[in-house]
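Trainee: I should like to understand this structure step by step. May I put some questions to you about it?

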Amino acid sequence: MPEGDTILRARNRLAEALLGQTIAVAAPSPRGRSTGVERLDGMVLDRIETHGKNLMLFFGDRVLHSHLGMSGSWQIYQHGARWRRARSSAWAVLGTEQHEAVEFGGPTLRVLPVTRLGLDPQLSRLGPDILGPGFDADAVVSTLRRADQQRTLGETVLDQRLVAGIGNIFKCEACFATRLSPWRTAAQVTDEELRAVLIAARGQMLDAVLRGRPAFAVYNHRGPCTRCGGQVSSRGQGDANRTTWWCEHCQS
Ligand SMILES: [Zn+2]
């Protein structure tokens, strides 16, 4: 499932293949055509930015904004290579002489004027990017304290308005690394513990950007805990009922 690390890796691969070049844009699927992405055809890709799970490709005064949700993907191919999915299902194809970058699915693919970015409801309410170069964990802890303190730790770190980029996988993994139960309420977690969860998530996600995702310690884990041999449990959490994995013995 795409989280901030997936998006930053996609950004780096897209930049390598496309940046600074004139892009031929096609939208094979009707859903893709409805985004107006073909209006970018023949423009130069100036820069690519990420914020949490959002990817923004800048073409002059326009931005192509993508959010992959649970199921979308960006795939990059050498020109002429066989794709892993049918061409007719691609929402957007960004082509150069050597490469084709293809976007499939997700909740968001749209073209915006650059001038609208700062006012956009989906983008302007995001909290600081967990993978941003100047990430300030203390500032995020202060913001978290102004949010609902009766929500669980697991739900709190998934709230993209507080901190952007952490998804369900790294929520589970960061709570496990810091031995904190994702079921504590925010009020039951000290500032130091909150800070530790954020720093753990950032470290794990930056590693995943550099080296790819590791074998997870607790996420989607079956069998005894990899650390203490205790019972790993899983249960839906929060309004979105995202499945949370945690060890009842060594996380409290
Ligand atoms: Zn354990």
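Trainee: What spacing do the donors of the zinc ion follow along the chain?

Mentor: This is a predicted model. In it, the protein donors of the zinc ion are the SG atoms of Cys-225, Cys-228, Cys-247 and Cys-250. Cys-228 lies in the loop between α7 and β9 and Cys-247 in strand β10, 19 residues apart, so this pair links distant parts of the chain. Along the chain, the donors follow the spacing C-x2-C-x18-C-x2-C.

Trainee: Which arrangement do the 4 donor atoms form around the zinc ion?

Mentor: The donors lie 2.2 to 2.3 Å from the zinc ion. They subtend angles of 101 to 116°, and four donors qualify for the class in question if all angles lie between 85 and 135 degrees. The arrangement is therefore tetrahedral.

Trainee: Is Cys-247 buried or exposed?

Mentor: Cys-228 has a relative accessible area of 33% and is partly exposed. For Cys-247 the relative accessibility is 0%, and the cut-off for burial is under 20%. Cys-247 therefore counts as buried.

Trainee: Where is Trp-245 placed, and how far in space is Trp-245 from Pro-182, C-alpha to C-alpha?

Mentor: Trp-245 belongs to strand β10, and at 11% relative accessibility this residue counts as buried. Among the residues that Trp-245 touches are Asn-168, Cys-172, Tyr-219 and His-221. Trp-245 and Pro-182 are 63 residues apart in sequence, while their C-alpha separation in space is 8.7 Å.

Trainee: Which elements do the buried residues of α6 pack against?

Mentor: Helix α6 covers residues 168-177, and 9 of its 10 residues are buried. Asn-168 and Cys-172 are among these buried residues, and both are touched by Trp-245. The elements that the buried residues of α6 pack against are α1, α5, α7, β9 and β10.

Trainee: Which helix gives the largest share of the lining of the largest pocket?

Mentor: The largest pocket holds about 260 Å³ of space. Of the 13 residues that line this pocket, the closest to its centre are Glu-155, Leu-158, Asp-239, Ala-240 and Arg-242. By class, the lining divides into 2 nonpolar, 4 polar and 7 charged residues. The largest share, 3 residues, comes from helix α5.

Trainee: What volume does the second largest pocket have?

Mentor: The residues that line the second largest pocket include Lys-53, His-67, Gln-122 and Arg-161. Its lining has 1 nonpolar, 4 polar and 3 charged residues. The volume of the second largest pocket is about 220 Å³.

Terms used
Residues numbered from 1 in each chain as written. Predicted model: local features only at pLDDT ≥ 70, side-chain atom pairs only at ≥ 80, totals over all residues. Heavy atoms only, no water. 1 Å grid on protein atoms, 1.4 Å probe; cavity = no way out; pocket = protein on both sides within 12 Å on 5 of 7 lines; lining within 4 Å. Points joined across faces, edges and corners; volume = space filled by probe spheres on them. Helix = DSSP H or I, 4+ residues; strand = E, 2+ residues; numbered from the N terminus. Nonpolar A, V, L, I, M, F, W, Y, C, P; charged D, E, K, R; others polar. Buried < 20%, exposed > 50% of the residue type's maximum accessible area, 1.4 Å probe, protein only. Contact = heavy atoms within 4.5 Å. Donors = N, O, S within 2.8 Å, 3.2 Å for Na, K, Ca; no water. Tetrahedral: all angles 85-135°; square planar, octahedral: opposite > 155°, others 65-115°. Lists of a residue's contacts leave out its neighbours within four places in sequence.
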